[in-house]
Amino acid sequence: MMADIFQYDYMIRAMLIGLMLGIVIPAMGIVIVNRRLSMIGDALSHVSLSGVLLGLLFGINPILGAIVTCAFAAFAMEWIRRYFPSYGELSTAIIMSTGVGLASVLSGFVEGGANFESFLFGTIVAVTDFEFYMILVVAIVVIVFLARHNEAFLYLSFDPMSAKLSGIPVNRLSGIFVVLTGLVVAISARTVGVLIISSLLVLPVACALQLKLSYKKTQIAAVLFGVFFTEAGLIISYYGGLKPGGSIVLLGVATLIILILSGQWLQKK
């Protein structure tokens, strides 16, 4: 029965998308978690929802609308953060509030609830060839960027002041990273769903942290967990007739609970 899933082109494409997102999202998530920016995924997902609604409203590709709004929100987030240097989370809260308000207003003008729902919870069937290539390009850009600046982000995550004094372009790297995070959130709308993309940024990292490894090994573990969650979640959703985004996230939650309970059991031993 497992071979049945590979008889359909849309499932093969979905598995490839799951592989790419399973690598890219946790790779960004490790930086987000270490920099205490876990809420940034929620903020950008709400903004991307506004972009999707704008796309549906004006008859353009909703993913393009999400990309534009997320990129704008990322720049706005960094701009606001400069005016509140001691309250970094404030810019995230402001952007999230803006995204929620805008999405709420725009939802009253958009018809076609089924199409809109596909972005809320994700659907593998709706991913077009154009969106597939967009995901591929963004994934390559993100992987190259993170690989090139991995050491800088390690330094930046744990000691941003020293990183700045040592000559690392902290503001530039942070700005580019937030923009790329927005792009990843936007392109993940179809497959994972905007309401739960932030969970995939955090859950693989949370599972990897339970293993208590070094930073680089934690990065690798987070990516492996991400790939496992996306691929296994897609398989479960296919055979169970479930939403792929929900299956991916619930599998991640179940894995995290098992790891926590296993860790507690080992400590008692």
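How are helices α6 and α9 oriented to each other? In this predicted model, the axes of α6 (residues 129-148) and α9 come within 10 Å and cross at roughly 150°. Angles over 145 degrees count as roughly antiparallel, so that is the label for α6 and α9. Their crossing is left-handed. On the α6 side, the contact is made by Ile135, Val138, Val141, Val142, Phe145 and Leu146. From α9 come Leu173, Ile176, Phe177, Leu180, Leu183, Val184 and Ile187. Sorted by class, this contact has 13 nonpolar residues, with no polar and no charged ones. The spacing of such residues along a helix has a simple background: an α-helix has 3.6 residues a turn, so residues three or four places apart point the same way.

Helix α9 (residues 170-187) also packs with α2 (residues 40-58), and here the axes come within 9 Å and cross at roughly 55°. With that angle, α2 and α9 are therefore oblique to each other. The crossing of α2 and α9 is right-handed. Ile40, Leu44, Ser45 and Ser48 of α2 take part, together with Val178, Thr181, Gly182, Val185 and Ala186 of α9. What classes of residue make up this contact of α2 with α9? There are 5 nonpolar and 4 polar residues, and no charged ones.

A third pair is α7 (residues 150-158) and α11, whose axes lie 12 Å apart at an angle of about 105°. Angles of 65 to 115 degrees count as roughly perpendicular, and α7 and α11 therefore fit that description. In this contact, Asn150, Glu151, Leu154 and Phe158 of α7 meet Tyr215, Lys216 and Gln219 of α11. The mix by class is 3 nonpolar, 2 polar and 2 charged residues.

Helix α11 can be checked with a quick bit of arithmetic. It runs over residues 215-240, and at 1.5 Å a residue its 26 residues should span 38 Å. The C-alpha atoms at its ends are 36 Å apart, which agrees. Right after α11 comes glycine 241, which has a positive phi, near 65°.

Alanine 27 gives a view from a single residue. This alanine is found in helix α1 (residues 9-34). Leaving aside residues up to four places away in sequence, alanine 27 touches Leu146 and Val223. Leu146 is also one of the α6 residues in the contact with α9. How far apart are the C-alpha atoms of alanine 27 and isoleucine 5? They are separated by 27 Å, with the two residues 22 apart along the chain.

Finally, a word on confidence. The mean pLDDT of the protein is 82, and 91% of its residues reach 70 or more. Among the elements, α11 has the highest mean pLDDT, 90, while helix α5 (residues 113-121) has the lowest, 62. Where pLDDT is low, the predicted coordinates should not be read in detail.

Key: Residues numbered from 1 in each chain as written. Predicted model: local features only at pLDDT ≥ 70, side-chain atom pairs only at ≥ 80, totals over all residues. Heavy atoms only, no water. Helix = DSSP H or I, 4+ residues; strand = E, 2+ residues; numbered from the N terminus. Expected span 1.5 Å × (residues − 1). Axes fitted to C-alpha atoms, helices over the stretch in contact; angles between N-to-C directions. Parallel < 35°, antiparallel > 145°, perpendicular 65-115°, else oblique. Left-handed = near helix turned anticlockwise from the far one by under 90°. Contact = heavy atoms within 4.5 Å. Nonpolar A, V, L, I, M, F, W, Y, C, P; charged D, E, K, R; others polar. pLDDT = per-residue confidence, 0-100.
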